[in-house]
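User: Please give a close account of one part of this structure, the shell around the ligand. Please then continue from that part into the rest of the protein chain.

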Amino acid sequence: MPEVVVDLALDSDLEWCARLMAESDPWLTLGRGFETCLARCRGPEFHVLMARESGQPLGFLLLHPTGVAGSPYIAAIATSASVRGRGIGSMLLDAAEQWIPAARHIFLCVSSFNTRARQLYERRGYTQAGEFPDYVIQGASEILMHKRLVRP
Ligand SMILES: CC(C)(COP(=O)(O)OP(=O)(O)OC[C@H]1O[C@@H](n2cnc3c(N)ncnc32)[C@H](O)[C@@H]1OP(=O)(O)O)[C@@H](O)C(=O)NCCC(=O)NCCS
């Protein structure tokens, strides 16, 4: 059984990440096309974590190490539609939550219409810290979520 591994993306992975983003909701609904997604994925401020199986990309996560009040911020996460529900997103979230060993908090934003992703975050201990109505598009909020990280 091939093992899923999470490690840092190579520059050559970033177009794959941007294509996945551009063809997935919430970015479709938010009107983020491929070029915008690519510019985001290439942002020098981000650590890009990739999940792979036998070398094939399955999903990615963009992590800003100090993005909100000095704590890590997950700016995007997506897995290929064909592998969703297999725990790959949870593996990426596990990796992000452990990526900065000294971090005690972590943040992310979820669109108000993305109820399934929000359920995943709530199951993992994220709670709402703020809401920004009409932030990207009219009629939808971006919800800032926070998790306190427990360290041994
Ligand atoms: C959200 C996402 C990264 C989770 O990855 P995953 O590999 O499916 O994660 P897991 O298998 O660990 O967890 C499954 C949970 O993810 C959520 N989920 C599943 N499919 C989803 C989808 N199409 N969109 C949003 N969330 C989804 C559900 O809560 C699901 O739990 P359920 O099956 O009990 O309903 C993945 O579904 C995805 O890429 N969705 C589209 C992009 C997106 O919404 N990104 C989040 C932006 S804030």
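Analyst: The shell around the ligand consists of 18 residues, and the closest of them are Arg84, Gly89, Ser90, Arg116 and Leu120. A residue counts as near the ligand if its C-beta atom, placed from the backbone, lies within 6 Å of it. Three elements give two or more residues to this shell: strand β4 (71–79), helix α4 (88–99) and helix α5 (115–123). Helices (H or I, at least four residues) and strands (E, at least two) are DSSP runs, numbered from the N terminus. The most is given by α5, which supplies four residues. By type, the shell holds seven nonpolar, eight polar and three charged residues. Here Ala, Val, Leu, Ile, Met, Phe, Trp, Tyr, Cys and Pro count as nonpolar, Asp, Glu, Lys and Arg as charged, and the others, Gly among them, as polar.

The model is a predicted one, in which local features need pLDDT of at least 70 and side-chain atom pairs count only at pLDDT 80 or more, while totals for chains, interfaces and linings use all residues. Residues are numbered from 1 along each chain as its sequence is written.

The shell belongs to a wider fold. The protein chain contains five helices and seven strands. Read from the N terminus, their order is β-α-α-α-β-β-β-α-β-α-β-β. The C-alpha trace spans about 40 × 40 × 30 Å along its principal axes. The radius of gyration of the protein chain is 15 Å, which agrees with the value near 15 Å that a compact globule of 152 residues would have. This radius is taken over C-alpha atoms, and the globule rule is 2.2 Å times the number of residues to the power 0.38.

Two further totals describe the protein chain. Buried residues make up 29% of the 152. A residue is buried if 20 or more other C-beta atoms lie within 10 Å of its own, exposed if 12 or fewer, and partly exposed in between, with C-beta atoms placed from the backbone. Of the contacts with a separation of 6 or more, 55% join residues 24 or more positions apart. Two residues are in contact if their C-beta atoms, placed from the backbone, lie within 7 Å.

The interior may be considered next. In soluble globular proteins, nonpolar side chains tend to be buried together. In this model the largest nonpolar core has 38 residues, and Cys17, Val48, Leu49, Leu61, Leu92 and Leu108 have the most contacts inside it. At least two core residues come from each of α1 (14–22), α3 (34–41), β2 (47–53), β3 (56–68), β4, α4, β5 (105–111) and β7 (141–148). A nonpolar core is a set of buried Ala, Val, Leu, Ile, Met, Phe, Trp, Tyr and Cys residues joined through C-beta atoms within 7 Å. Thus β4 and α4 appear both in the shell around the ligand and in the core.

Some residues show how distant parts of the sequence meet. Leaving out residues up to four places away in sequence, Leu108 touches Tyr73, Ile74, Tyr121, Tyr126 and Met145. Met145 lies in strand β7 and counts as buried because it has 20 C-beta neighbours inside 10 Å. Its C-alpha atom is 5.9 Å from that of Cys109, although the two residues are 36 apart in sequence. The contacts of Met145 beyond four places in sequence include Phe107, Leu108, Val110 and Tyr121.

Helix α1 offers a second view of the interior. Its buried residues are Leu14, Cys17, Ala18, Leu20 and Met21. They lie on the same side of α1, because they cover an arc of only 160 degrees around the axis; this arc is that of the directions from the helix axis to the C-beta atoms. Among the elements that cover them are α2 (27–30), α3, β2, β3 and β4. Leu14 itself is buried because 21 other C-beta atoms lie within 10 Å. Beyond four places in sequence, Leu14 touches Ala9, Leu38, Cys41, Arg42 and Val48.

Finally, the loops contain some backbone exceptions. Most residues other than glycine have a negative phi, and most peptide bonds are trans. The peptide bond from Asp25 to Pro26 is cis, with omega near 10 degrees, and Pro26 lies in the loop between α1 and α2. Ser54, in the loop between β2 and β3, has a positive phi near 50 degrees. Ala69, in the loop between β3 and β4, also has a positive phi near 50 degrees. Ser54 counts as exposed because it has 9 C-beta neighbours inside 10 Å, and Ala69 is likewise exposed, with 9 such neighbours.
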